[in-house]
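Work through the exercises below with the sequence and the coordinates open. Each task is followed by a solution in steps.

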Amino acid sequence: MLIVMEQSVPEERIAGVIEAIEAKGLRAHPIPGASRTAIGITGNQGPLDPAEFENLPGVVRAIPVTQPFKLVSREVKREDTIVKVGDCTIGGGAFCVIAGPCAVESERQTFAIAHRVKAAGAHMLRGGAFKPRTSPYSFQGLGREGLMILSRARRETGLPIVTEAVDTESVDLVAEHADVIQVGARNMQNFSLLRRVGRTKRPVMLKRGMSATIDELLMSAEYIAAEGNYNLFLCERGVRTFSNHARNTLDLSAIPAVRRLSHLPMIVDPSHGTGTRDKVPPLARAAVAVGSDGLMIEVHDNPDRALSDGPQSMYPDQFDALMADIRAIAPLVGRAV
Ligand code: PEP
Ligand code: MN
């Protein structure tokens, strides 16, 4: 249910409606808009009766939401969500580039890459401290030490940090060091992890599962929003198909599809989406053209020695060239880099 308030309604009226919602054991989610405030209601097991809310002072209308996802839907909030991370903006016409190694391997490696991607014009630094690896014998990440290195890299470069939380146990530790908590493809439907990151105040980047539909992705985002964390953006990173010339099939049509259904920003990860560095620039350029709100790109100063995802990691020089392409294409689709 969505409660639409009168234009320029006084704060006390909004508070009164929230109180009435909570008195019924439900959760109220105020959604400020350009011209009016709306209040989303979650927590109801069955349908709610609009009449129960329409008589409250300040309420214009109570509208049942037809989509299975409520708080992240365009039905509930028409304006695009804009996520602010330090001086960086995701959504609302900005174009945000997140770059860095797949995994934090050492302070030397992380600092070297951080300085290079910053000089190239990246807005945020990525790097996994906790890595979800297919094989238990592969490098699992430096854990806490990796987070400390990322924190020091932020101090060195000023770049905000994007890093993954792989389980509920490590969320608090990751939230302490990260500017954006990444939920990876393999965890897209780890509902206890989604709830847990939803209870932090940190922005969250939710990656699409490798066989998830758009509806499933948005339902997972809803888990995070329902806990009160609306600082949320999505990432397309390729899905599994019969096609075997690339690691995954990057589904760029997800961008316009999500934009129609949801107000959340969405970026594209052509590194995991293709699996080889020669395919990253063309798909990155296509992602800009298709209207993505940003890119996440793996860059390594020595990809041949990388402890994870070396074949898809770009050389810093290649990343410089890609940033020049992004700067040329973005304005054509109304984006500022
Ligand atoms: C990553 O970004 O390093 C990663 C593991 O990605 P994904 O969850 O999309 O596989
Ligand atoms: Mn990776």
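## Exercise 1: the metal site

Along the chain, the donors of the manganese ion (ligand 2) are spaced as C-x169-H-x25-E-x10-D. The model is a predicted one, in which local features need pLDDT of at least 70 and side-chain atom pairs count only at pLDDT 80 or more, while totals for chains, interfaces and linings use all residues. Residues are numbered from 1 along each chain as its sequence is written, chains are lettered from A and ligands numbered from 1 in the order in which they are written, and side-chain values use heavy atoms, with hydrogens and water left out.

Task. Identify the atoms that coordinate the manganese ion (ligand 2) and place C102 and D309 in the fold.

Solution.
1. Donors are N, O and S atoms within 2.8 Å of the metal (3.2 Å for Na, K and Ca); water is not among the atoms, so sites may look incomplete.
2. The ion is coordinated by C102 through SG, H272 through NE2, E298 through OE and D309 through OD, at 2.0 to 2.4 Å.
3. C102 sits in the loop between β7 (96–100) and α3 (107–120), and D309 in the loop between β14 (294–298) and α11 (316–329), so the pair ties together parts 207 residues apart in sequence. Helices (H or I, at least four residues) and strands (E, at least two) are DSSP runs, numbered from the N terminus.
4. C102 and D309 are both buried. Buried means under 20% relative accessible area, exposed over 50%, and partly exposed in between (1.4 Å probe, protein chains only).

## Exercise 2: strand β3

Task. Determine how strand β3 (residues 37–42) is enclosed and which residue of β3 is the bridge partner of I3.

Solution.
1. Of the 6 residues of β3, 6 are buried, so the strand is largely enclosed by the rest of the structure.
2. The burial covers both faces: T37, I39 and I41 lie on one side, and A38, G40 and T42 on the other.
3. Strand β1 (residues 2–5) runs antiparallel to β3 and is joined to β3 by 3 bridges; the partner of I3 is I39. Two strands pair if DSSP finds at least two bridges between them.
4. Strand β2 (residues 27–32) also pairs with β3 in the antiparallel sense, over 6 bridges, with P32 opposite T37 as bridge partners.
5. β2 and β3 make a hairpin with 4 residues between them.

## Exercise 3: cysteines

Task. How many disulfides does the structure hold?

Solution.
1. A disulfide is a pair of cysteine sulfur atoms within 2.5 Å.
2. The count is 0 disulfides.
3. For C88, the closest cysteine sulfur is that of C96 at 5.5 Å, too far for a bond.
4. C88 is buried, at 10% relative accessible area, and C102 is buried at 3%.

## Exercise 4: salt bridges

Task. Trace the salt bridges of R116 with D317 and D320, and locate the pair of R208 and D251.

Solution.
1. A salt bridge is a side-chain nitrogen of Lys or Arg within 4 Å of a carboxyl oxygen of Asp or Glu. The whole structure has 19.
2. R116 meets D317 at 3.0 Å, N to O. This pair links helix α3, which holds R116, to helix α11, which holds D317, across 201 residues.
3. D320 and R116 also meet at 3.0 Å; D320 is in α11 and R116 in α3, 204 residues apart.
4. By accessibility, R116 is partly exposed at 33%, D320 is partly exposed at 30%, and D317 is exposed at 56%.
5. R208 and D251 meet at 2.8 Å, N to O, and both are buried.
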